Amino acid sequence: MADFPLEEKPAQRALLVGLQTPGMAAGEGDELLTELQELVENLSLTITRTAFVNLRVTQAKFLMGSGKAADLIALAKEDGADLIVIDGGLTPSQKRNWEE
């Protein structure tokens with residue numbers, strides 16, 4: 001019998017995270033989160049929940065504080081989300097930290 005490698009199941013459920021940074025106009029983060037929702041829906045992913053983070057200062061490890069990152073991870077697990085989509089640019093090291 002042939003031994004076929006197991007294919008990884010593609011992500012289907014997403015927790016979306018919008019960001020409001022000090023350099024953004026008031027309400028801009030909300031507008032960008034709405035746009036992100038539309039983009040994710042066009043990819044045929046189910047949005048389990050949206051969350052919004054007001055960033056006063058960016059943090060090196062996760063972009064946001066480790067407590068807020070832990071909260072978002074807990075929400076994603078609670079909702080059965082396969083991935084967390086953050087509406088902001090992450091550095092390569094931040095991407096690795098989120099993947100861990």
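**Exercise 1. Find the strand that holds Q20, decide whether Q20 is buried or exposed, and list what it touches.**

*Solution.*
Step 1. Begin with the location: Q20 belongs to strand β1. Keep in mind as you look that this is a predicted model.

Step 2. Now check the accessibility. The relative accessible area of Q20 is 12%. Buried means under 20%, so Q20 is buried.

Step 3. Finally, collect the contacts. Setting aside residues up to four places away in sequence, Q20 touches A25, A26, G27, E28, G29, D30, F52, V53, N54 and L55.

**Exercise 2. Work out the order of the strands in the sheet and say which of them are edge strands.**

*Solution.*
Step 1. Three strands make up an open sheet, and their order is β2-β1-β3. The pairing is parallel.

Step 2. Look for strands that pair on one side only: these are β2 and β3, the edge strands.

Step 3. Consider the twist. On average, neighbouring strands of this sheet are turned by 25° against each other, direction ignored.

Step 4. Zoom in on one pair. Strand β1 (residues 13-20) pairs with β3 in the parallel sense over four bridges. To see the pairing in the model, find A14, which stands opposite L83 in β3.

**Exercise 3. Describe how helices α1 and α2 pack on the sheet.**

*Solution.*
Step 1. Take helix α1 (residues 28-42), which packs on the sheet and touches β1, β2 and β3. The direction of α1 makes about 160° with that of β1.

Step 2. Turn to α2. This helix packs on the sheet too, touching β1, β2 and β3, and its direction makes about 165° with that of β2.

**Exercise 4. Compare the span of α1 with the expected one, then find the buried residues of α1 and say where they lie around the axis.**

*Solution.*
Step 1. Count and span: α1 has 15 residues and reaches 21 Å from its first C-alpha to its last. That is close to the 21 Å expected at 1.5 Å a residue.

Step 2. The buried residues of α1 are G29, L33, L36 and V40.

Step 3. Why do they sit on the same side of α1? They cover an arc of only 60° around the axis, and this puts them on the same side. A general rule is useful here: an α-helix has 3.6 residues a turn, so residues three or four places apart point the same way.

Step 4. Ask what lies against this side: the buried residues of α1 pack against β1, β2 and β3. The face turned away from the buried side carries the exposed residues E31 and N42.

Step 5. Look just past the helix. α1 is followed by S44, which has a positive phi, near 65°.

**Exercise 5. Carry out the same kind of search on α3, and then place L90.**

*Solution.*
Step 1. In α3, the buried residues are Q94, N97 and W98. They cover an arc of only 100° around the axis, which puts them on the same side of α3.

Step 2. The cover over these buried residues includes α2 and β3. On the face turned away from the buried side, α3 carries the exposed residues P92 and E99.

Step 3. Now find L90, in the loop between β3 (83-86) and α3 (92-99). Leaving aside neighbours within four places in sequence, L90 is in contact with F62, L63, K95 and W98.

Step 4. For a sense of distance, L90 and A69 are 21 residues apart in sequence and 13 Å apart in space, C-alpha to C-alpha.

**Exercise 6. Find how many salt bridges the structure holds and trace the network they make.**

*Solution.*
Step 1. The structure holds two salt bridges. As background, side chains of opposite charge can pair when their charged atoms come close.

Step 2. In one bridge, R49 pairs with E78, with the closest N and O atoms 3.2 Å apart. R49 is in strand β2 (residues 46-54) and E78 in helix α2 (residues 66-79), so this pair links distant parts of the chain, 29 residues apart.

Step 3. In the other, the side chains of D79 and R49 meet at 2.7 Å, N to O. D79 lies in helix α2 and R49 in strand β2, so the pair ties together parts that are 30 residues apart in sequence.

Step 4. Add the accessibility of each partner. R49 is partly exposed at 28%, E78 is exposed at 59%, and D79 is buried at 16%.

Step 5. Put the pieces together: R49, E78 and D79 are linked in a network of salt bridges.

Definitions and conventions
Residues are numbered from 1 along each chain as its sequence is written. This is a predicted model: local features need pLDDT of at least 70, side-chain atom pairs count only at pLDDT 80 or more; totals for chains, interfaces and linings use all residues. Side-chain values use heavy atoms; hydrogens and water are left out. A salt bridge is a side-chain nitrogen of Lys or Arg within 4 Å of a carboxyl oxygen of Asp or Glu. Helices (H or I, at least four residues) and strands (E, at least two) are DSSP runs, numbered from the N terminus. Buried means under 20% relative accessible area, exposed over 50%, partly exposed in between (1.4 Å probe, protein chains only). Contact means heavy atoms within 4.5 Å. Two strands pair if DSSP finds at least two bridges between them. Axes are lines fitted to C-alpha atoms, for helices over the stretch in contact, and angles run from 0 to 180 degrees between N-to-C directions. The expected span of a helix is 1.5 Å times one less than its number of residues. The arc is that of the directions from the helix axis to the C-beta atoms.
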